[in-house]
Amino acid sequence: MAAFTKEEYEQRIERTKAAMNERGIDLLFISQPANMNYLTGYDGWSFYVHQCVLVSLDQKEPMWIGRGMDANGARITTYLPDDCIRQYADDYVQSTVKHPMHFIADVIKEKGWDKKRIGVEMDQFYFTHRNYVELEKSLPDAAFVDANTLVNWVRIIKSEAELEFMRAAGKVAVKVMDAAVANINVGSRECDAAAAIAAAQYSGTEEYAGDYPAIVPLMMAGEATKTPHLTWSGKRYTADEAVLLELSGVYKHYHAPIARTIFLGKNPPKLMQDTARTVIDGLKATLDFIKPGVTGEEVEAEWRRAISHSTVVKEARLGYSIGLNYPPDWGEQTISLRPGDKTVVKPNMALHLIPGIWYDDVGFEVDASIRITETGYESLYEYPVEIFLK
């Protein structure tokens, strides 16, 4: 049931091993769920307990190690042979006397990897401080190095098969935003609109089943539009308030984020109209500029140049790379479109440009999820770029 061919996974492993070689890493300890999925196909809601994938330079296949009850999930969703799937007993879970890292360390010793240079993802959501402490104690002869985004950077250039998944996610994204626009009305409850959005995300289209997003629907209304990361409540929408939406279509964990703004009335405030016009024009100019060979900071500089005639200011990054991900974030933790990012844009990278503006008096969001082509970009979906008046 792995989502891609065995050959594609093997190519990913080879690129990962090449990156390990460049950094002098013999064994890579992977805890980030998207990286585990990318290299093996593993797909389960088991990241609330400790699990990992080990990639060694001296073994062809990676190894999956996790909780016993999840081992069959690895057998079902990965391409790995059974001897590369190891499981720890349930009394390791939330124990005060033993830890899953002890079991993983024993496997590393068994394989003769306990004196190697081991790369660990030191700044990932599911790799805890105790994980590191227990590994260090259990493997005193190993040398640990930070390999935090090694696999993330391997993932940054998408294969044709991955791009098809992202285009499918784009089709779901259109349905998701349609559901938001249809269900956000004066008098309706925020939670009911959120339910309709989630239903659209999960059901997908006739051709493509939806999936759960790495970020829940972000939907700020009224006063909440001065900030970007709030969700919903039980309150009812009122006349003459704005609603900012940051949603996503998802297919097999590949994301196509989509952000738009609704105004519940016919006459948005002038500041909102002016801000929207500036942001939309600036986004268009930036998209016209983007192409292989430019850097992340040059893309952001073009955005700032395009809005320099206005009073609009955006202090946060303009965008970031996207693709495969799990909660709590759909960003890849690689490219950030901002000053200082000298990453060169290349074909088949996927980027999310989101010039969101959150002032005390007004908020406005719009975005573009794109693939970089040989000469410019391809949108992952087509959706009107405007304020939706209701």
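Trainee: Is Glu 300 buried or exposed in this model?
Mentor: The model is predicted, so local features need pLDDT of at least 70 and side-chain atom pairs count only at pLDDT 80 or more, while totals for chains, interfaces and linings use all residues. Residues are numbered from 1 along each chain as its sequence is written, and side-chain values use heavy atoms, with hydrogens and water left out. Buried means under 20% relative accessible area, exposed over 50%, and partly exposed in between, with a 1.4 Å probe and protein chains only. Glu 300 has 3% relative accessibility and therefore counts as buried.

Trainee: With which residue does Glu 300 form a salt bridge?
Mentor: A salt bridge puts a side-chain nitrogen of Lys or Arg within 4 Å of a carboxyl oxygen of Asp or Glu. The partner lies 4 residues from Glu 300 in helix α10 (residues 296–306), about one helical turn away. That partner is partly exposed, at 42% relative accessible area. The closest N and O atoms are 2.8 Å apart, and the partner is Arg 304.

Trainee: Which residues are joined into one network by salt bridges that share partners?
Mentor: The search of the whole structure finds 26 salt bridges. Those that share partners connect Glu 164, Arg 167, Arg 371 and Glu 378.

Trainee: In which helix do Lys 270 and Asp 274 both lie?
Mentor: Their side chains meet in a salt bridge of 2.6 Å, N to O. Lys 270 is exposed at 61%, whereas Asp 274 is partly exposed at 27%. Helices are DSSP runs of H or I of at least four residues, and strands are runs of E of at least two, numbered from the N terminus. The two residues are 4 apart, about one turn, in helix α9 (residues 270–289).

Trainee: Which strands stand at the edges of the open sheet?
Mentor: Two strands pair if DSSP finds at least two bridges between them. The 6 strands are ordered β4-β3-β2-β1-β5-β6, with mixed pairing. One side of each edge strand is left without a neighbour because each has a single partner strand; these are β4 (85–88) and β6 (143–146).

Trainee: Which residue stands opposite Leu 28 in β5?
Mentor: Strands β1 (residues 27–30) and β5 (residues 117–120) run parallel, joined by 3 bridges. Opposite Leu 28 stands Gly 119.

Trainee: What angle does the direction of helix α1 make with that of β2?
Mentor: Helix α1 (residues 6–22) packs on the sheet and touches β1 and β2 (52–56), contact meaning heavy atoms within 4.5 Å. Axes are lines fitted to C-alpha atoms, for helices over the stretch in contact, and angles run from 0 to 180 degrees between N-to-C directions. The angle with β2 is about 70°.
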